[in-house]
Amino acid sequence: MDPFMQAAIDEAQRGLDEGGIPIGSVLVHQGRIIGRGHNRRVQQGSATLHGEMDALENAGRLPASVYRDSVIYTTLSPCSMCSGAILLYGIPKVVVGENQTFMGEEELLRSRGVQVEVLQDERCVALMRTFIERSPELWNEDIGE
């Protein structure tokens, strides 16, 4: 198991344990996690704190050169907002835990030169399927439906 995807899964579990949506993310630069986060929309009453956004926020303000030499790991295919941030900061690679429960903007990312690797990790799938089954209204809110 990739230790960075494991760290993202740990973040997703943390979000679920806090009563939120189980999506986690880590930003990795030169083999080291420099930002980690999880979806905290429920916990913080936020409109924007998806897992990737939280990881970027927790990494803090960084030079463009750091983003351009980083990889972002996320347990779920990135939505349009998170994909926009990935494009804005020039992050060249995204490793996605799964895209079966939600297909984000992977084609947009690829069309703009971002390498997208999808693992179809069964732990990520199970986390989301269970959550969506138990909290469909919260999930629909998170994806803007």
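The exchange below walks through a predicted model of a single chain.

Trainee: How many helices and strands are there in the chain?
Mentor: From the N terminus on, the elements run α-β-β-α-α-α-β-α-β-α-β-α-α. That string holds both kinds of element. The count is eight helices and five strands.

Trainee: What is the radius of gyration, and how does it stand against the globule rule?
Mentor: The globule rule gives 15 Å for 145 residues. The chain comes close to that value, so it is as compact as a globular protein of that length. Its radius of gyration is 14 Å.

Trainee: What does the C-alpha trace span along its principal axes?
Mentor: Take the overall picture alongside it. Buried residues make up 52% of the 145 residues. The chain exposes about 6900 Å², with carbon and sulfur atoms supplying 47% of it. The C-alpha trace spans about 40 × 30 × 25 Å.

Trainee: What share of the contacts with a separation of 6 or more comes from residues 24 or more positions apart?
Mentor: A contact here needs heavy atoms within 4.5 Å. Then sort those contacts by their separation along the chain. Residues 24 or more positions apart account for 53%.

Trainee: Which residues does UniProt list for the CMP/dCMP-type deaminase domain?
Mentor: The name comes from an unreviewed UniProt entry. Over the listed stretch, the model is 41% helix and 21% strand. The end C-alpha atoms of that stretch are 18 Å apart. The record gives residues 1-116.

Trainee: Do β3 and β4 run parallel or antiparallel, and which residue of β4 is the bridge partner of V71?
Mentor: β3 covers residues 70-74 and β4 covers residues 93-96. Four bridges join these two strands, which run parallel. The bridge partner of V71 is K93.

Trainee: Is the crossover from β3 to β4 right-handed or left-handed?
Mentor: The chain leaves β3 and passes through helix α5, residues 80-88, before it reaches β4. That makes a β-α-β crossover. Its hand is right-handed.

Trainee: Which residue in β5 stands opposite V94?
Mentor: β4 is also joined to β5, residues 115-118, by four bridges, and this pair runs parallel. The chain gets from β4 to β5 through helix α6, residues 106-111, in a right-handed β-α-β crossover. Opposite V94 stands V116.

Trainee: Which residues of α5 are buried?
Mentor: Look first at the cover. It includes α3, β3, β4 and α6. After the helix comes G90, with a positive phi near 70°. The buried residues of α5 are C82, S83, A85, I86 and L87.

Trainee: Is D54 buried or exposed?
Mentor: D54 is found in helix α3. Beyond its neighbours within four places in sequence, D54 is in contact with R36, G37, H38, R40 and L49. The cut-off for burial is under 20% relative accessible area. At 1% relative accessibility, D54 counts as buried.

Trainee: Where is Q30, and is Q30 buried or exposed?
Mentor: Q30 sits in the loop between β1 and β2. Its phi is positive, near 50°, in a residue other than glycine. Most residues other than glycine have a negative phi. At 65% relative accessibility, Q30 counts as exposed.

Trainee: What is the relative accessibility of Q120?
Mentor: Q120 lies in the loop between β5 and α7. Phi of Q120 is positive too, near 50°. Q120 counts as partly exposed, at a relative accessibility of 28%.

Conventions. Residues numbered from 1 in each chain as written. Predicted model: local features only at pLDDT ≥ 70, side-chain atom pairs only at ≥ 80, totals over all residues. Heavy atoms only, no water. Pairing = 2+ DSSP bridges. Right-handed = clockwise from strand over helix to strand, strands pointing away. UniProt positions renumbered as here; feature names shortened; annotations may be inferred. Rg over C-alpha atoms; globule rule 2.2 N^0.38 Å. Buried < 20%, exposed > 50% of the residue type's maximum accessible area, 1.4 Å probe, protein only. Areas by Shrake-Rupley, 256 points an atom, 1.4 Å probe, with all protein chains shown as cover.
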